[in-house]
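Work through the two exercises below with the coordinates open beside you, and attempt each task before reading its solution.

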Amino acid sequence: MNTTESNSLYNNLEKLDIATLLMNINQEDHKVAVAVEKALPLIIALVEQIVPRMEQGGRLFYIGAGTSGRLGILDASECPPTFGVSYDRVIGIIAGGDKAIRKAVENAEDDQNQAWKDICAYGFHASDIVIGIAASGTTPYVIGGVKQAKGINLLTACITCNADTPLAHEVDFPIEVIVGPEFVTGSTRMKAGTAQKLVLNMISTSVMIKLGRVKGNKMVDMQLSNEKLVKRGTRMIAEATGLKEEESKNLLLKHGSVRAAIKAFYQK
């Protein structure tokens, strides 16, 4: 039996008081970061391969079904506002299409050929990267997608929470984060989902930093999509230039990004 389907270490959950439930969930969550740490060498090796490919124009694709697919979409959708990249650089694809983001689509994950069709809808670049996300490591949609991608020599990886899975056997970089049984048996939206999110954070953030989308420790290319972000950008400019708040805000709004505003200030 897969680890993700193993019986919970806890029983009679409905009889536990709320405090005990929450403390036990938290105790299980503590195990996730330790499991991710064990996978670090392979995550590092993967990122080292992703960066030069994206420098050459490659795109990073995440494919998954259910919770795994939604996590990929979440990470991909946050890259443009955070790092100022276009929406076609990191792409999240879920079995069943966008309607599956909110509501499960019956049997969508069972089609081994659909993921590759979904990827091909975005065109093709020889430097593209495909990462399959599946807690079980057995999802046909994901396995089929990475298998066909690898078949034409694209870089492939997976994020799974079971060892020695069919998915892992099909990719160049099999990232296995073994978090153990879920608090609610088989509910991989819990520890497995948390582990997948942590790994996705690590991959996308480190890639964007190495692509020059962070300066110092600041999101200098972030999109100014709301007042909170305008205020954050204003503070960044004030810190970097010594200008007062109003001057910094005016400079930011004039040039459209923290990076451009600071560059313009020092080129005066």
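A pocket is here an open set of grid points with protein on both sides within 12 Å along at least five of seven lines, and its lining residues have an atom within 4 Å of a point. The model is predicted.

**Exercise 1.** Describe the lining of the largest pocket and then that of the second largest pocket.

*Solution.* Begin with the largest pocket, which has a volume of about 210 Å³. Its lining comprises 16 residues, and S68, A135, S136, T139 and T188 are those that lie nearest the centre. Next, ask which element gives the most to this lining: helix α3, residues 66-83, does so with three residues. Sorting the lining by class then yields nine polar, five nonpolar and two charged residues.

Turn now to the second largest pocket, with a volume of about 160 Å³. Its lining residues include I73, A76, Y87, D98 and Y122, and α3 and β2 (90-94) each supply at least two residues of the lining. By class, this lining has seven nonpolar, two polar and one charged residues.

**Exercise 2.** Determine how the buried and exposed residues of helix α1 are arranged around its axis.

*Solution.* First, establish the extent of the helix: α1 covers residues 18-38 and reaches 32 Å from its first C-alpha to its last, close to the 30 Å expected. Second, list the residues with under 20% relative accessible area; in α1, N24, E28, V32, A35 and V36 are buried. Third, look down the axis of α1, where the buried residues fall within an arc of 130° and therefore line one face of the helix. Finally, L22, M23, H30 and E37 are exposed on the other side of α1, while the cover over its buried residues includes α2 (40-55) and α6 (191-210).

Note on methods: Residues numbered from 1 in each chain as written. Predicted model: local features only at pLDDT ≥ 70, side-chain atom pairs only at ≥ 80, totals over all residues. Heavy atoms only, no water. 1 Å grid on protein atoms, 1.4 Å probe; cavity = no way out; pocket = protein on both sides within 12 Å on 5 of 7 lines; lining within 4 Å. Points joined across faces, edges and corners; volume = space filled by probe spheres on them. Helix = DSSP H or I, 4+ residues; strand = E, 2+ residues; numbered from the N terminus. Nonpolar A, V, L, I, M, F, W, Y, C, P; charged D, E, K, R; others polar. Expected span 1.5 Å × (residues − 1). Buried < 20%, exposed > 50% of the residue type's maximum accessible area, 1.4 Å probe, protein only. Arc of directions from axis to C-beta. Contact = heavy atoms within 4.5 Å.
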